[in-house]
Amino acid sequence: MAWNEDRARMRIRRFIDSVPEGRIVVEDFRSFLSETRMAKGITASAALTEASLVDIPRNRAITTHAVHVYANLIDFNSVLVDAGRETEASHRRAFEFLHAHYSACDALIDEFEMQRVDFHGSRLHAVVLAPEGPQNEGARVRKAIAFAAGFREMVERLSQEHTRFQTGVRIGIDSGPAVAIDGGRKDEREPLFIGSPANHAAKLADGNEPGVAVSRRAAAAIDRAPQPFSDILSLSKSLERQFLDEHVVTAGVDRMADARLETAYTKVADELRARESGSASEAVFRFQRKAPPLKDIVYADHPPSRAIRMEMASLFADIDGFTAYIDDSIRTGRIAEAVSNLHVMRAEMAAVLREDFGGRKVRFVGDCIHGMVAEGDARSTDAMATMRAAVNAAAGLRSSFELCRTMLPGADRLGLAIGIDYGETPVCRLGLRGEASVRAAASRATCVSEAEQRRCNGRETALGEAAFAASPAVVRQVFISGRKVPNFDHDAADLLLGTMQSPYLSSGVEADPMRAHSPKDQPPMRAHDAW
């Protein structure tokens, strides 16, 4: 099946009807917390995590004032390869690496009564919601910094005792208003905090220099100032140590941050010893092939012991300008409209991948979708057919997004940046939290496809080098200029890929981008430089 405008319009109308703006209830976190505690029979003194923001109904949007923490495991890319090549052994090691650090982060999050939002490859996102209320922003920032210092200490100790998990960690922290939603299903939760603090924290965590970077706003909340000529407060190791001496109160229990770190580390170390001794079987990674299409993958059926590993195309599509859009919506009281629009756009992007091209969403990462596509049979992946399908899927995503821009109020200033790469990729669920475990697809191809998306503005589609090399000649010709094409939608794909015979002989002249319905030029609106 291919993308079809009438079918896409019908789907979008159905998604609009399923989450109409008028039925989106916007409430603050304090009200939601009281309501949830009452519904679950939880006392006010119970841990805040018992009333967490992971199962928000689709018709709710919760306004929060939280501290966002992003941790970046900066050596992950080197774990993916052996002597410059990805192998089954290197992928097994990479998944064990993620599994160990995800588990460590979860254990520490529980000790600090924080909420994990998402794990995505080498990046971990969590929020500090308590003590709630604007007057407690400083207390939340102090807890976030103590957690950051504890996580860096935990990873350092894991690295020393298990050298295969060795990595540096860079952590970004920001604080401020954001909106929490959850558009996922029971077995695929998709909690999301939209607004500037999450994106700014992610940006601060970007880079290869280990440490803790605190935003100007978060630093001001604890009466500290950024370094001279800088917008961030970079913590020294000794200052991190001071925060581990602070007291952290959770569920009425007052303990030093360092003691909480010890409890979490003991739990993780015991689990690692049990795994290495063979008494724990949940993290023994065994790979198998999945016959395409990938759309029928049920992640619950693929724990580490039944992980998928095969050649496939990885696609990242990021809504360009969405953070500025949501910040403006918060200021102007149009949160319900923005949340309804986001639900519709996310649902349509997932539908294009699955229903039109037989692909599968891995996860939503903020306002971005990560998906995968493969063509072939039970024995092997057809690289050229896969890349043709992936490029057509990208074109379908852009055409559906253009329809969303015209059908959804206020969405006309948004764009879509798309990156694609190709390669052997392992897929399974990671983590130790049952239904809350993490859907993971991590390889050089997933990393490169995300990087390719980041070098695009809201009108462009880009291929990684491996994707370009694996593509049929007709695709390579279209993407010959910097492996990037503007306005590559369904009409352009139909014209450029559907009518040309492959192999296509290049004239050596770079053609202007061709499309039947070119939108007006707009300046790049990127608020996600860190993604």
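Which residue just after α10 takes a positive phi? I looked there before anything else, and I found that Gly333 has a positive phi of about 70 degrees, just after α10; helices here (H or I, at least four residues) and strands (E, at least two) are DSSP runs, numbered from the N terminus.

A note on the source: this is a predicted model, in which local features need pLDDT of at least 70 and side-chain atom pairs count only at pLDDT 80 or more, while totals for chains, interfaces and linings use all residues. Residues are numbered from 1 along each chain as its sequence is written, and side-chain values use heavy atoms, with hydrogens and water left out.

Entry on α10 and α11. I looked up how helix α10 (residues 322-332) sits against helix α11 (residues 335-357), and their axes, which are lines fitted to C-alpha atoms over the stretch in contact, come within 8 Å and cross at roughly 150 degrees, on a scale from 0 to 180 degrees between N-to-C directions. The two helices are therefore roughly antiparallel to each other, a label for angles over 145 degrees. In contact (heavy atoms within 4.5 Å) are Phe322, Tyr325, Ile326, Ser329 and Ile330 of α10 with Ile335, Glu337, Ala338, Asn341, Leu342 and Met345 of α11. By class I noted eight nonpolar, two polar and one charged residues, where Ala, Val, Leu, Ile, Met, Phe, Trp, Tyr, Cys and Pro count as nonpolar, Asp, Glu, Lys and Arg as charged, and the others, Gly among them, as polar.

I then asked which residues of α10 are buried, that is, under 20% relative accessible area with a 1.4 Å probe and protein chains only. They are Phe322, Thr323, Tyr325, Ile326, Asp327, Asp328 and Ser329, and what covers them includes β6 (191-194), α6 (196-205), β12 (307-320) and α11.

Entry on the cores. A nonpolar core is a set of buried Ala, Val, Leu, Ile, Met, Phe, Trp, Tyr and Cys residues joined through side-chain atoms within 4.5 Å. The largest has 66 residues, and Val214 and Phe147 are among those with the most contacts inside it. A second, separate core of 65 residues includes Phe15, Val19, Ala338 and Ile369.

Entry on Ala394. I located Ala394 in helix α12 (residues 383-407), where Ala394 is buried, with a relative accessible area of 1%. Leaving aside residues up to four places away in sequence, Ala394 touches Leu315, Ile418, Ile420, Thr461 and Phe488. Ala394 and Leu315 lie 79 residues apart in sequence and 7.7 Å apart in space, C-alpha to C-alpha.

How values were computed: Buried means under 20% relative accessible area, exposed over 50%, partly exposed in between (1.4 Å probe, protein chains only). Angles under 35 degrees count as roughly parallel, over 145 as roughly antiparallel, 65 to 115 as roughly perpendicular and the rest as oblique.
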